Amino acid sequence: MPREAEPSKNERDFILEALQEDIRLDGRSLDAYRSIDISFGNEYGTADVQLGKTRVLARISTSLIAPSPDRKFDGVFIINAELSPMASPAFEVGRPTDTENLLSRLLETSLRRSSALSTESLCLLAGQIVWSLTATAHILSHDGNLLSACSIAILAALQHYRIPDTTVKGGEVTVHGLDERAPVPLALLHHPLCVTMALFEEGERVVVDPTLREQQVCEGEVMVTANKHGEVCQIAKLGGVPADALAVLNCVEMAVKKVRELDIVVAEALEKDARKRDIGGLMAELRADNER
């Protein structure tokens with residue numbers, strides 16, 4: 001199986017010595033994120049996120065299915081992460097890597113198990129028909145911190161998506177097209193986002209939003225999922241150098257601060273897209289009617 005190219009000894013030593021002086025290769029401070037660009041497609045539920053050189057395309061799709069017998073009042077929410085050779089030569093089509101499995105599991109814990117989306121709102125007829133919603137993150141370019149990039153992309157896509165309006169009458173469900181009724185936003189209960197931090201010097205030095213090279217030479221990683229209200233949904237530390245409780249608490253405090261900043265970035269991107277879609281649309285017609 002192909003592997004990601006490891007940094008040379010000289011490159012590793014250069015990165016570590018620079019970090020000892022609080023210097024990163026791209027000039028950022030230790031607690032700074034790379035530039036984030038969020039754009040949306042013509043269809044609702046498609047978000048393209050660029051975090052530095054890392055790029056993720058998230059897409060939301062829905063279908064009608066029968067619910068699980070033990071959860072008759074809940075719809076289905078599925079999260080997938082797909083890594084292709086386009087992102088890195090270390091990834092192969094049809095052969096999930098440990099990175100892909102771990103990414104999917106962390107995203108599922110962060111977004112689905114934290115009840116970010118109300119699955120009860122996806123129920124149309126209890127025990128008979130529910131919506132099945134799938135959020136798929138396609139990694140197009142890999143330069144580190146895939147978890148943060150994927151969580152931003154999926155959350156932005158969920159907020160951007162509009163589900164078709166439906167009518168239930170006499171045990172029958174009618175799904176209305178866009179030309180009949182305007183689709184409705186999803187019932188999101190909160191907006192969790194993931195922050196990845198790399199540990200150096202036995203956990204004494206913490207680097208936010210590590211690049212691929214920084215992740216390859218770090219001694220461990222702490223991944224925190226939280227929302228803007230300071231509610232922590234997940235803390236993951238998968239191996240690496242030990243970290244005491246105080247160090248983890250400092251990471252959580254730093255992550256909550258970054259989540260609030262990221263939430264503002266996502267909200268501004270959504271507002272910009274809404275203004276773009278509103279030009280000449282229904283709101284313009286309503287304003288014209290009011291003026292008359």
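How many bridges join strand E11 to strand E13, and do they run parallel or antiparallel? The legends below begin there. This is a predicted model, in which local features need pLDDT of at least 70, side-chain atom pairs count only at pLDDT 80 or more, and totals for chains, interfaces and linings use all residues. Residues are numbered from 1 along each chain as its sequence is written, and side-chain values use heavy atoms, with hydrogens and water left out.

**View 1. Strands E11 and E13 meet in an open sheet**. Strand E11 (residues 193–200) and strand E13 (residues 220–226) run antiparallel and are joined by 7 bridges. Helices (H or I, at least four residues) and strands (E, at least two) are DSSP runs, numbered from the N terminus. One place to look is Leu193, which stands opposite Ala226 in E13. The sheet has 4 strands in the order E12-E11-E13-E14, with antiparallel pairing; two strands pair if DSSP finds at least two bridges between them. At the edges are strand E12 (205–208) and strand E14 (232–236), each pairing on one side only. On average, neighbouring strands of this sheet are turned by 25° against each other, direction ignored.

**View 2. Two helices pack on this sheet**. Helix H2 (residues 98–112) touches E11, E13 and E14, and its direction makes about 160° with that of E14. Helix H5 (residues 245–278) touches E11, E12, E13 and E14, and its direction makes about 140° with that of E11. Axes are lines fitted to C-alpha atoms, for helices over the stretch in contact (heavy atoms within 4.5 Å). Angles run from 0 to 180 degrees between N-to-C directions.

**View 3. Strand E4 shows two faces**. Along strand E4 (residues 76–83), Phe77, Ile79, Ala81 and Leu83 point to one face and are buried, where buried means under 20% relative accessible area, exposed over 50% and partly exposed in between (1.4 Å probe, protein chains only). Val76, Ile78, Asn80 and Glu82 point to the other face and are not buried. E4 runs parallel to strand E6 (residues 129–141), and 8 bridges join them. Across this pairing, Ala81 stands opposite Ala137 in E6.

**View 4. The largest nonpolar core has 66 residues**. Such a core is a set of buried Ala, Val, Leu, Ile, Met, Phe, Trp, Tyr and Cys residues joined through side-chain atoms within 4.5 Å. Leu103, Leu133, Ile154 and Met197 have the most contacts inside the largest core. Its largest share, 11 residues, comes from helix H3 (residues 146–160). Leaving aside neighbours within four places in sequence, Leu103 is in contact with Ala81, Leu83, Ile139, Leu146, Leu147 and Cys150. Another core, of 8 residues, lies apart from the largest one and includes Ile15, Ala198, Phe200 and Val217.

**View 5. Leu155 and Gln159 lie in helix H3**. Leu155 is buried, with a relative accessible area of 0%. Beyond its neighbours within four places in sequence, Leu155 is in contact with His191, Pro192 and Leu193. Gln159 is also buried, with a relative accessible area of 19%. With the same neighbours-in-sequence rule, Gln159 is in contact with Leu188, His191, Val266 and Leu270.

**View 6. Glu214 is found in helix H4 (residues 212–217)**. Glu214 counts as buried, at 4% relative accessibility. Leaving aside neighbours within four places in sequence, the contacts of Glu214 are Arg24, Arg28, Phe200, Val207 and Asp209.
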